[in-house]
Amino acid sequence: MSKELRYSGSFTVNKPREEVMDLITDLSRAVECIPNVVNHEVLDRNKARVRFRVDLGDEVPIAELRRITTDATIEIVSAANDEVRYKVDGRAAGSAISILLVIRVLDKGGSSQIDWDATANLGKLLQMMGRFINIDSLVKKISEDTINGFINCLSR
């Protein structure tokens with residue numbers, strides 16, 4: 001298994017581009033959209049400390065690893081024009097995890113098309129767990145759940 005996992009997608013919301021950009025560049029509001037957040041602390045305009053609880057399901061053969069807590073720092077590393085880059089660094093199941101999420105927002109005449117790409121780098125322990133469970137499938141599900149959280153916030 002490669003240590004780098006890549007995901008991407010696209011969706012449209014019935015909100016103007018400016019409203020979408022306002023939400024995704026306001027970390028204190030954006031964090032509220034992420035599912036499974038147990039608690040968070042906004043450190044400054046572009047950085048927050050977040051604790052997630054993730055249910056990995058019965059696919060995981062070790063009961064103690066079916067539900068894990070992840071402590072991470074989320075940082076907006078750039079926000080220019082129609083693109084926002086988030087960097088997420090943390091630990092899950094005793095292993096490092098690093099994610100770069102790039103979100104691009106395109107104006108579609110009153111609506112917005114949102115294209116996203118995520119690249120995840122997993123530590124050795126999580127890579128080794130890939131021998132027993134489908135880590136790619138689990139990380140993909142977490143990525144999609146996070147994007148769906150943004151979609152739900154933007155659809156309100």
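What is the volume of the largest cavity? In this predicted model, the largest cavity has a volume of about 50 Å³. A search of the whole structure returns one cavity of 30 Å³ or more. Its lining is made up of F11, I24, I103, I114, W116, I147, F150 and L154. Two elements, β7 and α4, each give two or more residues to this lining. Helix α4 supplies the largest share, with three residues.

Several of the lining residues recur in the nonpolar core. The largest such core comprises 39 residues. Those with the most contacts inside this core are I24, I74, Y86, I103, I114 and W116. Of these, I24, I103, I114 and W116 also line the largest cavity. In soluble globular proteins, nonpolar side chains tend to be buried together.

The surroundings of W116 were examined further. Neighbours within four places in sequence were set aside. W116 is then in contact with the run Y7, S8, G9, S10 and F11, among others. Further contacts of W116 are with L101, V102 and I103. S143 and I147 complete the list for W116. Among these partners, F11, I103 and I147 line the largest cavity together with W116.

Helix α4 also takes part in a covalent link. The count of disulfides comes to one. This disulfide is formed by C33 and C153, with their sulfur atoms 2.1 Å apart. The link is left-handed, with -115 degrees about the S-S bond. C33 lies in helix α2 (residues 27–33) and C153 in helix α4 (residues 135–155), so the disulfide ties together parts that are 120 residues apart in sequence. Both cysteines are buried. The relative accessible area of C33 is 6%. C153 has a relative accessibility of 14%, and therefore counts as buried under the 20% limit.

A polar site was found in a loop. S111 sits between β6 (95–107) and β7 (112–122). S111 counts as buried, at 18% relative accessibility. The cut-off for buried is under 20%, so S111 falls within this class. The side chain of S111 makes a polar contact of 3.3 Å with the side chain of N14. Beyond its neighbours within four places in sequence, S111 is in contact with T12, V13, N14 and K15. L106 is a further contact of S111. N14 is thus both a contact of S111 and its partner in the side-chain polar contact.

Technical notes. Residues numbered from 1 in each chain as written. Predicted model: local features only at pLDDT ≥ 70, side-chain atom pairs only at ≥ 80, totals over all residues. Heavy atoms only, no water. Core = buried A, V, L, I, M, F, W, Y, C linked by side-chain atoms within 4.5 Å. Buried < 20%, exposed > 50% of the residue type's maximum accessible area, 1.4 Å probe, protein only. Contact = heavy atoms within 4.5 Å. Disulfide = S-S within 2.5 Å. Helix = DSSP H or I, 4+ residues; strand = E, 2+ residues; numbered from the N terminus. Polar contact = N/O pair within 3.5 Å; in protein donor to acceptor, adjacent residues only side chain to side chain. 1 Å grid on protein atoms, 1.4 Å probe; cavity = no way out; pocket = protein on both sides within 12 Å on 5 of 7 lines; lining within 4 Å. Points joined across faces, edges and corners; volume = space filled by probe spheres on them.
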